[in-house]
Amino acid sequence: MERTKALQIVKEALTEKRYIHTVGVMETAIQLANRFGADTQKAEIAAIFHDYAKFRPVEEMRHIIITQHMASDLVEHNEELWHAPVGAFLVEKEVGVKDSEILDAIKYHTSGRINMTLLDKVIFLADYIEPGRDFPGVEEVRQSAKENLDIAVVQSLRNTIQFLLKRNQRIYPKTVDAYNDLLLKIKGGNKG
Ligand code: DGI
Ligand code: FE
Ligand code: FE
């Protein structure tokens with residue numbers, strides 16, 4: 001799909017602020033894809049649609065999670081997680097995107113997962129470090145992202161886990177899985 005057409009579709013689904021965020025994620029994702037050898041066209045489309053479902057009513061998302069037999073543990077966890085898998089479903093159904101790598105990158109852009117693909121990591125990281133983001137620790141992750149994709153993704157996951165811990169919030173197991181899995185890969189073996 002052409003960029004202009006894709007942007008036009010998401011513009012209608014999002015607020016102005018979220019649309020600006022989306023353009024930032026798109027530009028960052030293309031840079032990261034170039035830097036780390038991911039498919040830039042897939043990165044562009046996944047980035048444009050990553051938050052497609054962000055403003056769907058919670059009850060609609062819950063209904064989709066249940067009727068589409070998505071991971072049943074999702075409904076016990078933070079509603080903030082839901083727009084990612086629901087988005088992947090709706091982007092296929094309503095927009096007609098069929099590529100499973102793109103759909104997975106959208107599906108796991110919030111939680112992460114075990115064995116994240118190159119495209120998953122590019123979208124996850126672009127969402128975290130796009131120029132509009134200014135939360136604590138983001139600058140360090142931006143620096144890491146210039147050199148090492150896995151280290152930058154681990155830092156983002158760690159920051160998010162710490163953020164949730166501080167707020168007494170539950171942590172979705174896939175986020176912990178993604179963190180442990182990548183940390184093991186970086187450290188190269190079981191060193192705790
Ligand atoms: O949609 P965005 O605002 O661009 O960002 P996002 O898709 O990364 O998700 C929004 C928030 O979800 C993120 O700031 C933290 C929150 N969240 C709640 N529970 C969890 C979680 N994020 C992860 N990774 N894991 C959780 O268990
Ligand atoms: Fe999101
Ligand atoms: Fe986002």
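1. Iron coordination. In this predicted model, the iron ion (ligand 2) is held by three protein residues: Asp 51 through OD, His 83 through NE2 and His 109 through NE2, at 2.1 Å. Along the chain, the donors of this ion follow the spacing D-x31-H-x25-H. His 83 belongs to helix 5 (residues 83-95), whereas His 109 sits in the loop between helix 6 and helix 7, so the pair ties together parts that are 26 residues apart in sequence. Both His 83 and His 109 are buried; each therefore has a relative accessible area under 20%.

2. The bridging aspartate. Asp 51 also has a second partner: this residue bridges the iron ion (ligand 2) and the iron ion (ligand 3). The two ions lie 3.5 Å apart.

3. The largest pocket. The volume of the largest pocket is about 910 Å³. Its lining comprises 30 residues, and those nearest the centre are Tyr 128, Phe 135, Thr 160, Phe 163 and Leu 164. Helix 2 (16-36), helix 7 and helix 9 each supply at least two residues of this lining. Helix 9 provides the largest share, with six residues. By residue class, the lining of the largest pocket contains nine nonpolar, 12 polar and nine charged residues.

4. The second largest pocket. This pocket encloses about 210 Å³ of space. Thr 15, Lys 17, Arg 18, Ile 20, His 21, Gly 24, Phe 55, Glu 130, Gly 132 and Arg 133 form its lining. Two of these residues are nonpolar, four are polar and four are charged.

5. Backbone at Asn 115. The phi angle of Asn 115 is near 55°, a positive value in a residue that is not glycine. Asn 115 is located in the loop between helix 6 (100-107) and helix 7 (118-129). The iron ligand His 109 is placed in the loop between helix 6 and helix 7 as well.

6. Backbone at Asn 168. A positive phi, of about 60°, is also found at Asn 168, again not a glycine. Asn 168 occupies the loop between helix 9 (149-166) and helix 10 (173-187). With a relative accessible area of 75%, Asn 168 is exposed, because the cut-off for that class is over 50%.

Notes
Residues are numbered from 1 along each chain as its sequence is written. Chains are lettered from A and ligands numbered from 1 in the order in which they are written. This is a predicted model: local features need pLDDT of at least 70, side-chain atom pairs count only at pLDDT 80 or more; totals for chains, interfaces and linings use all residues. Side-chain values use heavy atoms; hydrogens and water are left out. Helices (H or I, at least four residues) and strands (E, at least two) are DSSP runs, numbered from the N terminus. Buried means under 20% relative accessible area, exposed over 50%, partly exposed in between (1.4 Å probe, protein chains only). Donors are N, O and S atoms within 2.8 Å of the metal (3.2 Å for Na, K and Ca); water is not among the atoms, so sites may look incomplete. On a 1 Å grid over the protein atoms alone, a cavity is a set of points where a 1.4 Å probe fits but cannot get out, and a pocket is an open set with protein on both sides within 12 Å along at least five of seven lines; lining residues have an atom within 4 Å of a point. Grid points are joined across faces, edges and corners, and a volume is the space filled by probe spheres set on the points. Ala, Val, Leu, Ile, Met, Phe, Trp, Tyr, Cys and Pro count as nonpolar, Asp, Glu, Lys and Arg as charged, and the others, Gly among them, as polar.
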